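Please open the structure in your viewer and keep the sequence beside it, since this tour moves from one selection to the next. At each stop, pause to rotate the view before reading on.

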Amino acid sequence: SEPVRVAAVDLGATSGRVMACRVGARTLHLEELHRFGNGAVPVRGSLYWDVLGIHREVLVGVREVARTGALHGIGIDSWAVDYGLLDRDGQLLGNPRSHRDSRTDGVPTEVRKTVSDAELYDVTGLQQLSFNTVYQLASELGTPTLESAERLLLLPDLLTYWLTGEVGAERTNASTTGLYDVRTREWSLDLAKRIGLPWSILPPLREPGTVVGPVVDEVAEYVGAAGVPVISVGSHDTASAVVGVPAEEGSFAYISSGTWSLVGLELDGPVLSAEAREADFTNESGVDGTIRFLKNVMGLWVLSESVRTWADKRLSDVTLPALLAGAETAPALRTVVDINHPRLLTPGDMPTRIQELAREAGEPIPRTPVAITRTLLDSLALAYRRNIRLAATLAGRDVDVVHLVGGGSQNALLCQLTADALGVPVLAGPAEAAALGNGLVQARALGADLPDLAAMRALIRRTHDVRRYEPRVGLDWDAAASRLG
Ligand code: ADP
Ligand code: LRH
């Protein structure tokens, strides 16, 4: 079949990008045509997404793809769980909130009074994260906004709605809400009703890899291309990123390392055992009916917030490259902290919080930006080790290689430490795995001969380099892990 060229829109919590993705029988090429900073906007104690600004950036990017060549399709993926509400005229009600907003504080405790954690897990298979959509919605109960809501659209579905006029809930992202039944693969209206949520706002589910519809006239005019189909992809960025993992066979683990780190395995079905629930592992739905059995780890967010804090204080030598170069030769495993501590979720002065966590744990307090950076990377590698080993045990699998994709794959020190901590090789890259997964699923919907994930991954391997990190011996990771308890 003829090569296709699509716009892969990949929206991360710290940056959004629009790529031209060219897919042929033996070619796969990404060209980054637009990138913009992203971040939640604090207003009077709440944290909002500037979703109209994001929509405009998407349009600018898509126009750039159209200007530079053919445009056969558009697909959008973004971070999960956050949503906008539409009224009965299809107008957006208020600004979507960030999952880092504190409005869900205490909400899981309230919900637990009606539906126990065990029951919730048995239906949804999700990690207990205070920001899951179900809790965000529960925090809105009784508000005029929720009372006038006719439709809930997760962010990529909202942006897709603005491009096409079509409403729907793409399945991979729907599976992160806490209102989706991982066994029946339908919304759990029963859960929604029991919690008192307006279940009728949940839109019909739609499959990744199907055409949603052509862009509306307003969009066609702006981007200078009419009739372009918007294609439903794995709209949860992690679903697209895992499509983009260049793995060869079954016994791999992956780490999708961006603002968040998603650490786990690809399985054929969910693991809903009491052990998995107690370990707080999630079962998210993937492209082609796969399950992502994984743990959310706080990730590079803590480092990027630290860099922001130091830059605000006008310290010198606190660019990411300078910090990473310093951390490379800083003493290893001197201070380790629980990188997944809830105190690190909200924006703020991360260096001080890290020092507090170290003090409370009786660890040496890191004093300089370089020492704190090293603490963060050692601690992140420890969290990767712990959760990959846990996932393997819970799923009864062996892991002999770890694929690390996303922006973090460009952090050589992090990749090396991960290999060292786990004692298995790490294959790093592509950094833009989510955009590749997005583009490949679009290409298949447009007729490309990519029958399954294996074919997509084979094409990535043929066209993209990965860097291999062999585990080094010498550091005592067991001892460091036991310091964390
Ligand atoms: P998201 O999609 O969640 O916005 P990304 O996958 O783009 O996140 O990853 C962003 C992170 O990747 C940054 O916070 C940074 O730590 C890391 N990163 C990106 N580029 C580099 C680089 N050249 N060297 C080291 N780390 C990098
Ligand atoms: C990563 C991600 C992750 C979710 C979080 C909210 O970007 O989608 O999979 O848990 O954002």
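A residue is called buried here if 20 or more other C-beta atoms lie within 10 Å of its own, and exposed if 12 or fewer do. Keep in mind throughout that this is a predicted model.

**First stop: β6 and β1.** Select residues 73–78, which make up strand β6, and you will be looking at a strand that is mostly covered, with six of its six residues buried. Which residues point one way from β6, and which the other way? Gly73, Gly75 and Asp77 point to one side, while Ile74, Ile76 and Ser78 point to the other, and all of them are buried. Now add residues 4–11, strand β1, which runs parallel to β6 and is joined to it by six bridges. To find a particular place where the two strands meet, highlight Val9 together with Ile76, its bridge partner in β6.

**Second stop: an open sheet.** Select next the three strands that form an open sheet in the order β8-β7-β9, with antiparallel pairing. At the edges you will find β8 (92–93) and β9 (151–154), each of which pairs on one side only. Helix α6, residues 155–164, packs on this sheet and touches β7 and β9, and its direction makes about 105° with that of β9. Return to strand β7, residues 83–86, and follow how it pairs with β8 in the antiparallel sense over two bridges; Leu86 has Leu92 as its bridge partner in β8.

**Third stop: the ligands.** Show ligand 1, which is surrounded by 15 residues, the closest being Gly12, Gly258, Thr259, Gly407 and Gln410. If you colour this shell by class, you should find four nonpolar and 11 polar residues, but no charged ones. Move on to ligand 2, where 14 residues form the surroundings and the closest are Trp79, Ala80, Asp237, Thr238 and Trp260. How many residues of each class does the shell around ligand 2 contain? It divides into six nonpolar, seven polar and one charged.

**Last stop: Arg44.** Finally, select Arg44, which sits in the loop between β4 (41–43) and β5 (46–48). Is Arg44 buried or exposed? Arg44 has 4 other C-beta atoms within 10 Å and is therefore exposed. To finish, draw a distance from its C-alpha to that of Ala149: the two residues are 105 residues apart in sequence and 23 Å apart in space.

Key
Residues are numbered from 1 along each chain as its sequence is written. Chains are lettered from A and ligands numbered from 1 in the order in which they are written. This is a predicted model: local features need pLDDT of at least 70, side-chain atom pairs count only at pLDDT 80 or more; totals for chains, interfaces and linings use all residues. Two strands pair if DSSP finds at least two bridges between them. Helices (H or I, at least four residues) and strands (E, at least two) are DSSP runs, numbered from the N terminus. Two residues are in contact if their C-beta atoms, placed from the backbone, lie within 7 Å. Axes are lines fitted to C-alpha atoms, for helices over the stretch in contact, and angles run from 0 to 180 degrees between N-to-C directions. A residue is near a molecule or strand if its C-beta atom, placed from the backbone, lies within 6 Å of it. Ala, Val, Leu, Ile, Met, Phe, Trp, Tyr, Cys and Pro count as nonpolar, Asp, Glu, Lys and Arg as charged, and the others, Gly among them, as polar.
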